[in-house]
Amino acid sequence: MRNTAMNMVHKLATRDERVLYIGSDPGAGTLRAMSKEFPKRHLIEGISEAHIIGMSAGLAMEGFVPYVNTIATFLTRRCYEQVAVDLCLHNLPVRLIANGGGLVYAPLGPTHQAIEDIAIMRALPNMTVVCPCDADEAARLMEQTLDWTGPIYIRLGKGGDAIVSKAEHGFEIGKAILMRPPGDVVMVTTGIMLQRALAAADLLAAQGIRAGILHMHTVKPLDTATLLQAIRGTRLVATLEEHVPSGGLGSAVAEALIDKLGSGLPSMLRLSLPDRFMHNYGSQDSLLKKHGLSASAIATSIERALAASHPSSPQLHST
Amino acid sequence: MIQISPHAEAALTCTLDERSLYLRRLVLASVRSAGRGHVGPALSLIEMVRVLYDDVLRIDPNNPRDPARDRAILSKGHGCLALYALLADRGFFPLSELNGFCGPDSILGGHPEYGMVPGVEASTGALGHGLSIGVGLALAARMRERTYRTFVLLGDGEINEGSVWEAAMGAAKHGLDNLVALIDYNKLQSYGPTDYVLPLEPLADKWRSFGFAVQELNGHDVGALRTVLKQVPAVPGKPTAIICHTVKGKGLPAAESNADWHHKNKLTDSELDAIRVAVGDF
């Protein structure tokens, strides 16, 4: 996914002279081909994220579309005020390409694990937050970033994630994709939780439970209309995210449902990482498994939640 | 013991001409009408802003977004009363707006906002942002082969922020000689002396070592400011830093070098009388 997104920056730069790549201190050879073809538009500016965001704002004020790239934690925590003031307050078209969203850097410990990035980016007015699920979807997303108004936070996965997105579904920023039709439960996913949701849905199907999947690649702006349509008639809404419980996809979905449905709320199950820093290493996969986000653990949690939900729960409706 | 710069001594003793007094009257009238404002930080800045807007910047108040214009960013956004006075006086917006300072429907807030105030290039107030934005503007000019110049006004307390020095390294890396940093070196930040809060000296050497061509002057000396600002870049291929030795609260004896006047919530009758004595009726 990361290589694809990077290569897309080069491809977009070929088409559009406004496109800049700005890295802090990325891995050796990052976008080498672009650096040779467009040396003036391939900028490596040092481990100075606060400055880089401000500089990108200045470049965007003059009509450029900078794609700023570094590790997710440094692109969010380190320079949060610059993101808020320089990018969001001015509503500038800077694209933040965050390597290693979630637990990709599991072996490197909590300084490198972006577990609250969705929450803090989503909290900012004017910010768009997108979490593609695989390389193909990342490519479709990048195609749409040239002319999107305002800043975008792009949370990239590890790379090599199974390709599950489909070209026929198309891709629009802010438009959720229904991957499986709604059933007893609708799983709402973002990023690479889609792959796990698909596997969990197969496990549930074997138990006779029909599981729908709504892929909410864009967490902000949230596609509330599609969400409401997808959950109509279902018994349980389950959100899946590689993120702490506060402020991420689960929060966004719950907020939208409260705002739109008021008292007629569905049963909800929010599956996420716990509200704490990870003090284990291993791999993204092992940490997700440890915290109940393997496909089988997801299926089990959903089964239990469905069993616990009262059969006379209010029928969901759309407003 | 730090040696006091002769420019700093000159800043303390130099007199102000009628235009400088007039601009102070505009600033203080805004403070009076709002019942609040960063007085000291605006009064130290007035001659720097005055010379920029009167004599240096290639700008057209009737076309504030002219692509060819020079860019100026007040990175120490809390000094905005000085900027507002100049922008109003130069016709970017009516002088009457100054009376609405910080009011509910005013375009003029306690920190300047892009999109709200004609002539304001960037929203500032959070410190340590303006120089990086300026690097972006200056780099864009280079890349687009445009001739506009970028001026960034920084406070001395502001340059406590590490991001300023990140930006300085970036400016030097790119050899941005179309970028000028003006430092309002009034030596007094919110709590007290810069020397106490976080010593900045040797300040000129710092900027020099970060790759800037450095000039020092009395920041209330209109003639010196004109001369230096009209000769930028000081060294081709390098960004310029102009260290302007100033006096916080300059022109208002009670406020001069007095941290209590960093921000004022209310002006008493006796303070208003003292202001009239110092800058004239307003």
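Does A:A33 count as buried or exposed, and how many C-beta neighbours does A:A33 have inside 10 Å? The legends below describe a predicted model, and the first view takes up this residue.

**Figure 1. Surroundings of A:A33 in helix α2 of chain A.** A:A33 is part of helix α2, which covers residues 32-37. A:A33 counts as exposed because 12 C-beta neighbours lie inside 10 Å, and a residue with 12 or fewer is assigned to that class. A separation of 41 Å lies between the C-alpha atoms of A:A33 and A:S251, two residues that are 218 residues apart along the chain.

**Figure 2. Chain A as the setting for the close-up views.** Chain A contains twelve helices and twelve strands. The radius of gyration of chain A is 19 Å, which agrees with the value near 20 Å for a compact globule of 319 residues. Along the principal axes, the C-alpha atoms occupy a box of roughly 65 × 40 × 35 Å. Of the 319 residues, 54% count as buried. Among contacts with a separation of 6 or more, 78% are between residues 24 or more positions apart.

**Figure 3. The open five-stranded sheet of chain A.** The strand order is β7-β9-β8-β11-β12, with mixed pairing. Strands β7 (177-180) and β12 (267-271) form the edges, each pairing on one side only. On average, neighbouring strands of this sheet are turned by 25° against each other, direction ignored.

**Figure 4. Pairing of strands β8 and β9 of chain A.** Strand β8 (residues 185-189) runs parallel to strand β9 (residues 211-215), and five bridges join the two. Within this part of the view, A:V188 is placed opposite A:L214 of β9(A). Strands of a sheet pair through backbone hydrogen bonds, in either a parallel or an antiparallel sense.

**Figure 5. The crossover from β11(A) through α10(A) to β12(A).** Five bridges pair β11(A) with β12(A) in the parallel sense. A:A238 has A:L269 in β12(A) as its bridge partner. The chain passes from β11(A) through α10(A) to β12(A) in a right-handed β-α-β crossover. Helix α10 (residues 249-261) lies across β8, β11 (236-240) and β12 of chain A, and its direction is at about 145° to β11(A).

**Figure 6. Helix α12 of chain A against the sheet strands.** Helix α12 comprises residues 295-308 and lies across β8, β9, β11 and β12 of chain A. The helix runs at about 155° to β12(A), an edge strand of the sheet.

Definitions and conventions
Residues numbered from 1 in each chain as written. Chains lettered and ligands numbered in written order. Predicted model: local features only at pLDDT ≥ 70, side-chain atom pairs only at ≥ 80, totals over all residues. Helix = DSSP H or I, 4+ residues; strand = E, 2+ residues; numbered from the N terminus. Rg over C-alpha atoms; globule rule 2.2 N^0.38 Å. Buried ≥ 20, exposed ≤ 12 C-beta atoms within 10 Å, placed from the backbone. Contact = placed C-beta atoms within 7 Å. Pairing = 2+ DSSP bridges. Axes fitted to C-alpha atoms, helices over the stretch in contact; angles between N-to-C directions. Right-handed = clockwise from strand over helix to strand, strands pointing away.
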